[in-house]
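Visitor: I would like a close look at a single part of this structure. Please describe one helix and its surroundings.

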Amino acid sequence: MADQSAPQLSGPPQGRPGGRPSGPGGPGGPHKRGKRSFVRKKKVCRFCVDRVDYIDYKKAEILQPFVQERGKILPRRMTGTCARHQRWLTVAIKRARNIALLPFAAEL
Amino acid sequence: MEERLYDLVFICRPDTPEAEVDKLVAMIEQATSSHGGKIEKTEKWGTRKMAYRVRKQREGYYVYLALRSTQGELIKELERRLKVSDPVIKYMTVRLDEEMKRQQKLVHRRERRAARRPRKAAPSPSGSPEQAAAAS
């Protein structure tokens with residue numbers, strides 16, 4: 001009985017055709033770490049650090065770092081802003097655009 | 001209707017004389033009071049560069065007002081007047097009371113949390129780092 005059950009149990013992991021050689025073949029962690037030589041610094045939401053409750057559209061100089069040179073809003077992954085503040089930020093930037101404090105599209 | 005808070009920003013041509021701007025502000029004040037609203041703040045930002053051209057102008061004289069009103073009609077009236085007044089090249093009204101309410105809520109929550117934290121830390125000595133630092 002034990003003889004029969006053992007091959008059955010060990011069979012599936014080895015015989016999985018599509019799967020990556022997860023267990024013994026690829027200790028992917030250390031290998032990858034070696035390739036990626038730099039450690040990405042964890043970005044922190046600047047508004048959370050400053051405990052901002054309301055992002056003022058009138059202060060264009062605050063909004064300025066969060067738009068590209070051309071006037072595009074920078075994504076969260078670039079600036080590290082948290083979801084809530086990014087949401088407020090977009091509203092503020094759009095208002096600032098409306099009153100010509102920020103460009104819709106800056107000419108270059 | 002409950003009271004609402006609005007921001008009103010308008011831009012005049014840069015060559016508008018100061019007196020003309022003051023007249024516009026006075027006009028807005030008069031219209032606001034006649035509708036039972038009140039002006040919280042008036043700021044003249046002066047001439048500043050605009051991010052894009054508006055009516056062939058690159059600069060504009062910015063005026064900012066914060067006002068409270070219970071009547072939405074007031075905003076309609078103000079916008080109509082700004083639209084027809086010649087020196088004004090751009091204007092914007094934003095309703096802000098809901099955002100301010102949200103902000104107030106956040107501030108309250110933070111205060112409550114800050115007030116609660118020391119109480120919570122008191123029974124268990126390893127509660128917060130501040131407590132640990134104070135104890136040592």
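Guide: The account below follows one helix of chain A, α6(A), and then the core to which it contributes. The model is predicted, and local features need pLDDT of at least 70, side-chain atom pairs count only at pLDDT 80 or more, and totals for chains, interfaces and linings use all residues. Residues are numbered from 1 along each chain as its sequence is written, while chains are lettered from A and ligands numbered from 1 in the order in which they are written.

Helices are DSSP runs of H or I with at least four residues, strands are runs of E with at least two, and both are numbered from the N terminus. The 16 residues of α6(A) should span 22 Å at 1.5 Å a residue, and the 23 Å between its end C-alpha atoms agrees; the expected span is 1.5 Å times one less than the number of residues. Just after α6(A), A:Ala100 adopts a positive phi of about 65°.

Buried residues of α6(A) include A:Trp88, A:Leu89, A:Ala92, A:Ile93 and A:Ala96; a residue is buried if 20 or more other C-beta atoms, placed from the backbone, lie within 10 Å of its own, exposed if 12 or fewer, and partly exposed in between. Their cover includes α3, α4 and α5 of chain A together with β4 of chain B.

The largest nonpolar core has 32 residues, and A:Ala92, A:Ile93 and A:Ala96 are among those with the most contacts inside it. Such a core is a set of buried Ala, Val, Leu, Ile, Met, Phe, Trp, Tyr and Cys residues joined through C-beta atoms within 7 Å. The largest share of this core, six residues, comes from β1(B).

Terms used
Two residues are in contact if their C-beta atoms, placed from the backbone, lie within 7 Å.
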